[in-house]
Structures are given as structure tokens and as C-alpha cells.
Amino acid sequence: MAPSYRRALFVSDIHIGTRDAQVDYLLELLGQTRCDYLYLLGDIIDIWKMRSGWHWTGSTNALIERVCQMAAEGTQVYYIPGNHDEMLRDYVGGSFYGVQICHEAIHETADGRRLLLIHGDEFDSVVINNRWLAHLGSWGYDLLLWLNRHFNQLRRRLGFPYWSLSAFIKGQVKNAVNFIHGYEQALIREARQRGFDGIVSGHIHKACLRQIDGIQYANAGDWVESCTALAEDAQGQLSIINWTDELRQRRSQPQSAANSVAEAHLAGTHLADVKKAA
């Protein structure tokens, strides 16, 4: 399958190093995508969880190699650390295999709009002021993810596609809905005060794209629950990619997804050979 062209791709909250990171799905997407800009909007590597144990596979290596390969091929790759990989904020201003590390970024769309790009944890008062509460919330979230993982293992055995139980439960909780609304309003105020046309973040694992009071608000979602990203096309229009939905639509061509994974692994292997030769 020919790669899709997207002028920019925005990815957040992969949580590499945890068992629940949907690395294979993201590897498929990047293997089928060519873009001018790739923005990694924080919580890419979950250093919080890796301190107490980590999950690392060959697909994880292939994903990292694929990102580096994209940078080597000319894609401008920016990494904005979040709260789960905040250790990398010490390296803001530097680069790693062509991946530029920055506190925030400004993206100009093809139609001339200026977007502020952040992770978003700086607008989460729980994370800022009550770190121990944030970790307690993280423990509860881990329980949801454990249920989600085993629930989907059962669905796969029965022949059903992936479905996010944890995202569904969160969406039914009134406090979570109220928090998301307050979070969105805080980001909109920030964009307006700083003179931007819009703002793109991650952090809350809730993909969204809408106009709020004349400001474009976008959230790239995550690769733990929903497998979503944000994309800009050649004309500057933004859209949400729901990768598992796209895969379901391609069920009539079952080999396409498998081939894309193989291509991504081969691409990573080739990059490793190039490094050795260098």
C-alpha cells in the first residue's frame, strides 16, 4: 500500500515502556505515513512507570527506529516532554538523532494559522500542586488499563475488534467530564492571550477537534486507550485519525495491515544497518 501524505502529524501519550502502550498500532500508522512535520506531544516514554518495572519489545525498538528514520529522511520531528517523561525537559534545546527536544512548539498550517503546541500538564492543577494525588490517580488509572487489556484479550479470542473499556468508563464519570471541560477552557484562554489561532495538546487522553470561541482547540488523544492522532492535510485542514476504526474499515484487505507492520520493521532494520555502516 502506498504511504499516505500528511503535511503534519501530531501524536501524544504513547506511554512507551508500559504493557498497555499500543506500539504495534502506531508503528503501522507511521509505516504508512509520509509527512513534513511530526510532533510528539509528551508522555511518549513513561519514565514514571519504568522506575518500578518496564515492558519493552522488538516493536518498541522498531517504533523508535522508525521515528529516527523519518527525521533522517527530512521530516522535522519535535519532541515536547510531558509529565511522565519530564526528565527529558532537562535536554530542551538539544536533539537526538534529528529529533528536536523543546518545551513547546509553534506550528503554522498550510493556510497560515499559528498553533501553539504543548503537552498540557502545566494546566492540570492536580499534577502541579498535588503530585501525590496525581500518582494516586495514576494507580487507579492503571487498574482501568489492566481491565481494559484483559477485556480486549477476550474480545480478540471471540473475534471482536479492539474497544476501549477504560475510555468508556472515564467518559461516563461526571467529574472526568467536568475536568476535561475546565482543561479545554484553560488552554483556549492561553492561546487567545498569546495571540495564537489555536492550540494542540495531549495529556488527558481525549482526542478532540473543535472551534471554541473563535479558537481552534485540538487534542491528539493517546496510544494507550483510543489509538488516535491528529493530522494536517496539504491544504491546512486538521482531522482526527482513529487508527483502530481505519483498520476495521480495511478488514476486506486483511494483508494490508500485516504488510505495513512488516515494512516498518524492515525500515527499522535498514536504519540499523545504515548506522552500523556509518
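Biologist: Where is D213 found?

Modeller: D213 is in the loop between β9 (208–212) and β10 (215–219). Please keep in mind as we talk that this is a predicted model.

Biologist: Why does D213 count as exposed or buried?

Modeller: Let's set the value against the cut-off. A residue is called exposed over 50% relative accessible area. D213 has 59% relative accessibility, so it counts as exposed.

Biologist: What is noteworthy about the phi of D213?

Modeller: Its phi is positive, about 55°, although D213 is not a glycine. Most residues other than glycine have a negative phi. D13 is another example, with a positive phi near 55°. That residue lies in the loop between β1 and α1.

Biologist: And why does D13 count as buried or exposed?

Modeller: Here the cut-off for buried is what we need: under 20%. The relative accessibility of D13 is 0%, so D13 counts as buried.

Biologist: Let's turn to charged pairs. How many salt bridges does a search of the whole structure find?

Modeller: Eight. One of them joins the side chains of E104 and R194.

Biologist: What makes the pair E104 and R194 a salt bridge?

Modeller: The nitrogen has to be within 4 Å of the carboxyl oxygen. For E104 and R194 the N to O distance is 2.6 Å, so the pair passes the test.

Biologist: Which parts of the chain does this pair link?

Modeller: Distant ones: E104 is in the loop between β5 and β6 (105–108), R194 is in the loop between α7 (174–193) and β8 (198–201), and the two are 90 residues apart. Both are partly exposed, E104 at 25% relative accessibility and R194 at 35%. These values fall in between the cut-offs of 20% and 50%, which is why that term is used.

Biologist: Which residues are linked in a network of salt bridges?

Modeller: E104, E190 and R194. R194 also forms a salt bridge with E190, where the closest N and O atoms are 3.3 Å apart.

Biologist: Where do R248 and D245 lie?

Modeller: Both are in helix α8, three residues apart, which is about one turn of the helix. Their closest N and O atoms are 2.1 Å apart; the limit is 4 Å, so this is a salt bridge.

Biologist: How do you know whether the span of α3 agrees with its 15 residues?

Modeller: At 1.5 Å a residue, α3 should span 21 Å, and its end C-alpha atoms are 21 Å apart, so the span agrees. At the start of this helix, a side-chain oxygen of T57 reaches to within 3.3 Å of the backbone nitrogen of S59. Just after α3, G74 has a positive phi of about 115°.

Biologist: What makes α1 mostly covered?

Modeller: Seven of its nine residues are buried. Among them are V23, L26 and L30.

Biologist: Now the interior. Which residues have the most contacts inside the largest nonpolar core?

Modeller: L9, V11, L38 and W223, in a core of 29 residues. Elements that give two or more residues to this core include β1 (4–11), α1 (23–31), β2 (33–40) and α3 (58–72). A second, separate core has 15 residues, including Y39, L41, I80 and V200. In soluble globular proteins, nonpolar side chains tend to be buried together.

Biologist: What is V11 in contact with, leaving aside its neighbours within four places in sequence?

Modeller: Its partners include L26, L38, I44, A220 and W223.

Biologist: In what order do the seven strands form the open sheet?

Modeller: The order is β4-β5-β3-β2-β1-β11-β12, and the pairing is mixed.

Biologist: Why do β4 (95–96) and β12 (238–242) stand at the edges?

Modeller: Each has a single partner strand, so one side of each is left without a neighbour in the sheet.

Biologist: How do you know that β2 and β3 pair?

Modeller: At least two bridges are needed for a pair. Four bridges join β2 to β3, which run parallel, so they count as paired. In one case, L40 has Y79 in β3 as its bridge partner.

Key:
Residues numbered from 1 in each chain as written. Predicted model: local features only at pLDDT ≥ 70, side-chain atom pairs only at ≥ 80, totals over all residues. Heavy atoms only, no water. Core = buried A, V, L, I, M, F, W, Y, C linked by side-chain atoms within 4.5 Å. Buried < 20%, exposed > 50% of the residue type's maximum accessible area, 1.4 Å probe, protein only. Contact = heavy atoms within 4.5 Å. Expected span 1.5 Å × (residues − 1). Polar contact = N/O pair within 3.5 Å; in protein donor to acceptor, adjacent residues only side chain to side chain.
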